[in-house]
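Biologist: Please take one part of this model and look at it closely. Then place it in its surroundings, and say where the prediction should be read with care.

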Amino acid sequence: MGIQGMELFAVGVVIILFVAVLKQFGILEPMSMEDSSDSDLELSTVRHQPEGLDQLQAQTKFTKKELQSLYRGFKNECPSGLVDEETFKTIYSQFFPQGDATTYAHFLFNAFDIDRNGSIRFEDFVIGLSVLLRGTVNEKLNWAFNLYDINKDGYITKEEMLAIMKSIYDMMGRYTYPIVRDDAPFEHVEKFFQKMDRNRDGVVTIDEFIETCQKDENIMNSMQLFENVI
Amino acid sequence: MAAGVATWLPFARAAAVGWLPLAKKSMPKPPSDNKSRNDEILIVNVSGQRFQTWKNTLDRYPDTLLGSSEKEFFYNEETQEYFFDRDPEMFRHILNFYRTGKLHYPRHECIQAFDEELAFYGIIPEIIGDCCMEEYRDRKKENLERLAEDTEAEMATDAPLPPDSTSRERLWRAFENPHTSTMALVFYYVTGFFIAVSVIANVVETVPCRPPKGRVKDLPCGEKYSLAFFCMDTACVMIFTFEYLMRLYAAPSRCKFMRSVMSIIDVVAIMPYYIGLVMPENEDVSGAFVTLRVFRVFRIFKFSRHSQGLRILGYTLKSCASELGFLLFSLTMAIIIFATVMFYAEKGTKETNFTSIPAAFWYTIVTMTTLGYGDMVPNTIAGKIFGSICSLSGVLVIALPVPVIVSNFSRIYHQNQRADKRRAQQQDRHSGSQALCVRNRSSFEQQHHHLLHCLEKTTNHEFTDEHTYSEVCMAESVGYRTSRSTSISSHQGLSTSCCPRRAKRRAIRLANSTVSVSRGSVQELDTLHIQKSSIVPQSRSSLNARTQDLKLNCDDTDFTAAIISIPTPPANTPDESLPSSPGIPSILRNSRQLGDCSGSFTHETVKISSL
């Protein structure tokens, strides 16, 4: 019995080795030959060219020079002309090394990616920046509302706000003073809703939002803060 | 992503508008940006070759020569360009670093020239991208080895001794370097001769000589001429003992000498003789005595003092220890596998040699090394199949690590030859003094700090680092509060955290964009160690005014050295020690606050010798 088994095993091993050698020469599997050469390199053929300078100038409030400088930086960073969500998260997280900025970056990405195609093109980038830096206060508030409204249905629910708030607190990280308590985002959301939700229906609409913000001095003053960023 | 971080900062700041409606406190004022927004093209003339680039590109790394105001020293008013009298080929790589954020090492360039260029332009070599880092490191290591050899060669006793050396020192030198005096040379040759004599005597005494009258069997010569051999052995051992005692006396550090390999070989070579003298002519112990005589063959190793090639071989084997270990390990694995298989394959055969698996080990070893004695052969078909697979794989397993060992040996051998050649030439050693850092706060940092500050205001919490965090945890239980003022003037601002959580790559990238790293930044890497140890106590001291800064993670300029150094010092890899790295920058920052910036850092920097 022992001899028989070992012989079978030996013969089996020989067959396997034979097959391995044949595979090496590509004789055994002609099918795999065609894709073997192509599957090595996956060339990314996705590329995007932005619209012309003049069109962008018409759509945004930047000057030509500003657009040029913005595009140079953008192109340097993303030669393909598109920023996908992962890259965006990576970039944004670099500014907040202490905390975890990926969730907030996700929301931010969705706010910038107007046509929801999963990547930010230069036009999206520049249009968003134009609103944030050169837009009117109303436009900025609109943008902020759009950011908070995760499902873009026109209402900010408590859940959406809580998600946003949590992501902001996540960016702070662990080492803060005073230490972030677990219910801090929740509390913050409660305060926000108390302030914004006029008719106490549990959601904040765009009008409630803008109205409340316009009444708040702090918010209105701080809107001018970032104008000279570019 | 290095350049990108700077590019995207305005975007991140703009996005902060999203926090405004939520902020619990009012936002801080942004830093004023005085520099003109208009970008201009600068001309950099390097030895006649003109490079042009945007000013912003150069400004990305404000702590390098080109990014800081240091380049103004090279400004030529008449031609309105910056003129550098350096190698334009190298400058191409430097400029590409600014453009792409990645520093590449050109393979055809000399490593020292490259290092010098980097030092001149204020770029630390650690930024070299992964694609070229390995090549760079290998060349660097090679170069350092070569330099170390040269130091050794210099320190080697070729130069004449100072006249007031003791006789002991002179004796030691005579032993180590026989070419210094004739006496030493004579002694060298005499010992060599006696080693040869001793070894030959050991060999010859086992050769069968013609038996003396009255006997039939052949006697080994050692027993026939036992007195002659004994006398020769005695003479040799006396010489060796004398030599050993002389060396022991002359050695500058006796303990170290006694532990060295050569002295152990000396001892092992002469011990058997003395033990043989002492031991009685007893049948029981004579077996052990015979074993001892084997050790006499170690005398042949004494030749390694006389032959450099032998020393090189020994050194090679030592340096290839890992490859040899791997070879051994893989062979052992293969032996065990094949022996098992062969044993079970041959089990059924009557009167088989493969009586057990250990017995099959012998067959496997002999087959795998392609010796093939033929004392054990498989008879069954299965056995033969597996036997052939065994011999084929044996060739492969042995052939794989051998080239590594060979290349190692070749490299070391050539290095040695080079050292010998260079011994004849004169060497100039320059000790470069590194330029000191120029600390300045870049607008990038200011803006980044403002952004982080805005986040703090939004959530009404502040950034701290691990030390103060744990302090506060402890303090809260005790009820004591360190004074923390929350009002931070905008000019102090925030600092970019030193990316403790980020991967090493990102840490480098972020640092790239804010390379506020000193020129002697290679030293910074070392100074961090020193500062960490020396300044830790101060950070906890009652510098309450300073502790307010602790909660913001780092200062701009100081920590970036930390960023870059974080990957390199083994103690502080961000991958492993997440929480500890924030401590470093705060510590660094305290050091900055302690003295005037350049002053304290100069003081620290000078401690390290330049690279």
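Modeller: Helices and strands here are DSSP runs, numbered from the N terminus; a helix needs at least four residues and a strand at least two. The model is predicted. I start at a loop in chain A and work back along the chain.

Pro178(A) sits in the loop that runs from strand E4 (176-177) to helix H10 (184-196) of chain A. A cis peptide bond links Tyr177(A) to Pro178(A), with omega at about -10°. Step back to Gly173(A), just after H9(A): its phi is positive, about 85°.

Now H9(A) itself. This helix covers residues 158-172 of chain A. Its 15 residues should span 21 Å at 1.5 Å a residue, and the end C-alpha atoms are 21 Å apart, so the two agree. Which residues of H9(A) are buried? They are Glu160(A), Met161(A), Ile164(A), Met165(A), Ser167(A), Ile168(A), Tyr169(A), Met171(A) and Met172(A).

Met161(A) deserves a closer look. Beyond its neighbours within four places in sequence, Met161(A) touches Tyr148(A), Ile156(A), Val189(A), Phe192(A) and Phe193(A). Leu22(B) is also on that contact list. Met161(A) is among the residues with the most contacts inside the largest nonpolar core, which has 73 residues. Tyr92(A), Phe96(A), Phe125(A) and Phe209(A) share that rank, as do Trp8(B) and Trp19(B). A second core, separate from this one, has 29 residues; among them are Val46(B), Phe97(B), Ile111(B) and Tyr136(B).

What does the record say about this region of chain A? UniProt, in an unreviewed entry, places "domain: EF-hand" at residues 100-135, 136-171 and 184-219 of chain A. In the model, residues 136-171 of chain A are 72% helix and 8% strand, with the end C-alpha atoms 28 Å apart. Residues 184-219 of chain A are also 72% helix and 8% strand. Their end C-alpha atoms lie 21 Å apart.

Elsewhere in chain A, Glu66(A) belongs to helix H4 (residues 64-77). Is Glu66(A) buried or exposed? Its relative accessibility is 19%, so Glu66(A) counts as buried; the cut-off for buried is under 20%. The Glu66(A) side chain makes a polar contact with the side chain of Arg134(A), at 2.6 Å.

Chain B is the partner. It has 25 helices and seven strands. Of its 611 residues, 45% are buried. In the loop between strands E1 (41-46) and E2 (49-54) of chain B lies Ser47(B). Ser47(B) has a positive phi near 50° and is not a glycine. Thr370(B), between H15 and helix H16 (381-399) of chain B, has a positive phi too, near 60°. At 53% relative accessibility, Thr370(B) counts as exposed. Ser307(B) caps the N-terminal end of H13(B), with a side-chain oxygen 3.4 Å from the backbone nitrogen of Gly309(B).

How far can this be read? The predictor gives the complex an ipTM of 0.76 and a pTM of 0.50. Chain B has a mean pLDDT of 72, and 68% of its residues reach 70 or more. Among its elements, helix H15 (residues 357-368) has the highest mean pLDDT, 93, and helix H23 (residues 556-565) the lowest, 37. The pLDDT is below 50 over residues 479-611 of chain B, a stretch with 285 contacts in the model beyond near neighbours in sequence. Where pLDDT is low, the predicted coordinates should not be read in detail.

Terms used
Residues numbered from 1 in each chain as written. Chains lettered and ligands numbered in written order. Predicted model: local features only at pLDDT ≥ 70, side-chain atom pairs only at ≥ 80, totals over all residues. Heavy atoms only, no water. Core = buried A, V, L, I, M, F, W, Y, C linked by side-chain atoms within 4.5 Å. Buried < 20%, exposed > 50% of the residue type's maximum accessible area, 1.4 Å probe, protein only. Contact = heavy atoms within 4.5 Å. pLDDT = per-residue confidence, 0-100. Polar contact = N/O pair within 3.5 Å; in protein donor to acceptor, adjacent residues only side chain to side chain. UniProt positions renumbered as here; feature names shortened; annotations may be inferred. Expected span 1.5 Å × (residues − 1).
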